[in-house]
Amino acid sequence: MKVLRRWRLALRIAGRELRRSRGVTVLIVTLVALPLIGVSGYFTVTATAEFSPEERIARALGGADGRITSIPVPDVPLAKQVSDGEARLAETLGRGSDPEPLLETRAVVGAGDRDVSVALHAFADNATTAPLFGPAAGRAPKSEREIGLSLAVAERLGVTPGETVRLSAGGRDAVVSGLYVDRIDTASAFAIVPLGPSVLAAVDPVVRSGGDVSLVWLVRGDPGALAATGETVLDRAGVLSRIEETPVLEVLGVFFAVLAEIAVVTCAAFAVVARRQRRTHGLLAVVGAEPRQRVSIAYATGVLCGCLAVAAGVPAGILAGWALLPVLEARAEQDWGALTVPYGFLLIVALFAVCATTAGSVLVGRSAAVARPLDALHGRDVVAARAGTGRRLTAAGLVVAGVVLLGLGFTAGPGPAVLGGALIVLGCGFGLAAVLSALVRNHRGPLWFRLVLRDASMATARPSALATAIAGIVMFTTTAAFLLTGLARQPTGYVPSTVEGTAVFAADQRLDRETTAVAAAKLGMPGTGTFREVIYPAERGGLPGFVQADSTLRRCLDQSLAVGSQNVSVDECARKTGFSLTAPVVAAAAPAALTALIGRPPDPAEAAAFDAGAALVLNPALRDDTGKITLRPGSVDRAGGATSVPEPGRTGERRHTLPAVVVGNQQTQLAPMVLLSEATTERYGLAPRGDVSTLFRGSSIPAPGIEDEVRSLLLRGTAGAGELTVERGDPKPRTIMAVNQIAAGVAVALSLAIVITGVALAAGESRGDFAVLAAVGADPRLRRRIAAGQAGLVAISGAVIGLAAGYAAAASSLHAERSGWTLTPLLFSVGGSSLLVAVALIAAWWLTSARLPAPRVME
């Protein structure tokens, strides 16, 4: 009961003191509530956006237990491959396996003057296939004259159920029977047709020409039986293994770091509250209150502020997440369903917020609570006492620990390095009090400068806390700038279809000049060039052979096979060689098309070598050490983007080595990587494929609507057959740099908010001093000079400490990641810190009134 009475009294006193300091209380609650709003909104959105395992399994497998994918062979009719595959799987897996075929390929659906490239899925509508796609309107297609479209395709074409569209597969019209939606990717463009003889006959020519066609089997059975088939099977466990886990720990780590940063800022505000509680503590000490009872007031102050912040921040975060759901769903191109609130995570972050606020209050308020009654009643400032030996030792210990962690970061990675930088910042913040105490003993300088140092030395908790908070922000931002810039420069494994800002249209006939010119103008890509992929002609009634160009990647794979590494990874060799293409396109082109195909006019030496029979290669990895390139037969799987080893028995008779001239350094899947003249093609017994490809080159990327319009124009020029691919580039580097820029802007904004907070707190604490200055006739601009000096002291101290710790953490992290220094983040951090100091000085000057009014009550 005694403890309860003590805490009841402490809460009453703390509540009264917080009401007396309403402005400071609102500031503390707001600062703590802001990260709570962010993390509550984040966890609410992620919990709502997370799809259940059952939903993901149904999207991948339908009502089946496994998914077997195969590539149809070109010399056997598809109808026979379907019937034979069904019989083989039924025999292997036994009764109850119910193999269900699903044919997947690319097609074009058009309506009016627009055409959209879609993923075409052909399957029978039954219990096994029904869960694959969610119906949105209408019904499933039942006949070969009906089709189902995704909502994204229907919106782009402007059609609804009951209207007629064009389908390139089979060259026929079909009535839209229903609309579908893929909740995991609402922007996906797909179409659904019943699997029947007409569809199989329409896709047969695509298979024979080496097009992108997959034959999928949805089967039932236990995992052991599915694995025994010898096929590559995607089962339920495989689907779940592909789910990317939500970075809960990473987000909580960021939240705790931000909360710690804000707790440091609140120390400055709690210092103001503690100074105003001095007289209360003195009176309590006079009437016999024990130090433990007086310290409980500091605990109660922190608990009350933390609970108020939780009560305001968590509901606001949930409401913010709910309000942002429609926008985020549209950006993520998903359908998330009803709102889900993760109460467990929110309870954890609320408890940590209350603990952090309480720790800040006790750290600053304890010294006032245990002060001698005489000091407290006379207003002697013991809250901001000069740094003693204990604080200096604490500062030194933190800095030493930070340096040790930086050393570990050279081998262990960014984690210890960033933690070491944070400890150095914290240690420097503790040591700043000793520096301020040393500076105040130097009485040189103008009056406003001496007053700034005097104020800082008498209330060291406030400038030290604010400078430490700014230093932490600058340190984290600087380290992140170096790491993100290095990450953006690293290869992502993304291999574009063609060069960014270009497009390729492939069809079985050549475009006329007028259609090509109109399409180029609409795309904003004036440069055009035509090429044809070359193949080995069929021999003795056999099939044509793809031309395989040797590369550093292929030689790495061959060497691995030669030493018995049967399980060699293509990705491993790609990392070693820096070349990722297993099937670079070898094409024939006329000299007039070279400018568009290689991105610049060939110089005279390159043009002469091309005419003389040399190959122009667009990546150095395709030329060997002797300056030549080797071409040999290979069978290529275009759907998987990989090629096999050369065909046995034909390598020796068809291997060709010819001179090579490097004219570029790019990697593309559809654009030519090796260019041969038509005469060279004939000389080595090669022949162009049936498809004719046109490359459009420009400096801009067209909008999706323009792309659809141009696709429709090109298809009209080729009797509805063809495929347009516009390369928009790898989004990852752009995303990383955008995050870098946003983080820098947020860091500067937060730092300025901290500086302005310090100016406001200092102004409130200096009212008595300003009244005295006004009484003795001081210059009215003196108040602005003092405010700018206080802001400059905090901003400069924080920027210098943050930059030093940030560079040290970045050096340690980059060494561990084996990344080099770059000039951009260096200039970025120095420029941002300089801008922070300049804006802080200007803001403090203009936001502070020049008048020195005398307050009604002088302490």
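## Exercises on helix packing and nonpolar cores

In this predicted model, α18 and α25 are roughly antiparallel to each other.

**Exercise 1.** Work out why α18 and α25 are described as roughly antiparallel, and which residues make their contact.

*Solution.* Begin with the geometry: helix α18 (residues 513-523) and helix α25 (residues 704-717) pack at an angle of about 175 degrees, and their axes are 10 Å apart. Angles over 145 degrees count as roughly antiparallel, and the two helices are therefore placed in that class. Next, identify the contact, to which α18 contributes Thr 515, Val 518, Ala 519, Lys 522 and Leu 523, while α25 contributes Ile 706, Glu 709, Val 710, Leu 713 and Leu 714. Finally, sort these residues by class, which gives 7 nonpolar, 1 polar and 2 charged residues.

**Exercise 2.** Find which residues touch the most other members of the largest nonpolar core, and which strand gives this core its largest share.

*Solution.* The largest nonpolar core has 42 residues, and those touching the most other members are Val 586, Leu 622, Ile 629, Leu 631, Val 674, Leu 675 and Leu 676. Strand β14 (residues 586-589) supplies the largest share, 4 residues. Then follow Leu 676, which, neighbours within four places in sequence aside, is in contact with residues including Val 586, Ala 587, Ala 588 and Ala 589, as well as Phe 610 and Leu 631. Apart from this core lies another of 37 residues, among them Ile 68, Leu 93, Leu 103 and Leu 157.

**Exercise 3.** State what share of the chain's residues counts as buried.

*Solution.* Of the 859 residues in the chain, 48% count as buried, and its secondary structure comes to 29 helices and 23 strands.

How values were computed
Residues numbered from 1 in each chain as written. Predicted model: local features only at pLDDT ≥ 70, side-chain atom pairs only at ≥ 80, totals over all residues. Heavy atoms only, no water. Axes fitted to C-alpha atoms, helices over the stretch in contact; angles between N-to-C directions. Parallel < 35°, antiparallel > 145°, perpendicular 65-115°, else oblique. Contact = heavy atoms within 4.5 Å. Nonpolar A, V, L, I, M, F, W, Y, C, P; charged D, E, K, R; others polar. Buried < 20%, exposed > 50% of the residue type's maximum accessible area, 1.4 Å probe, protein only. Core = buried A, V, L, I, M, F, W, Y, C linked by side-chain atoms within 4.5 Å.
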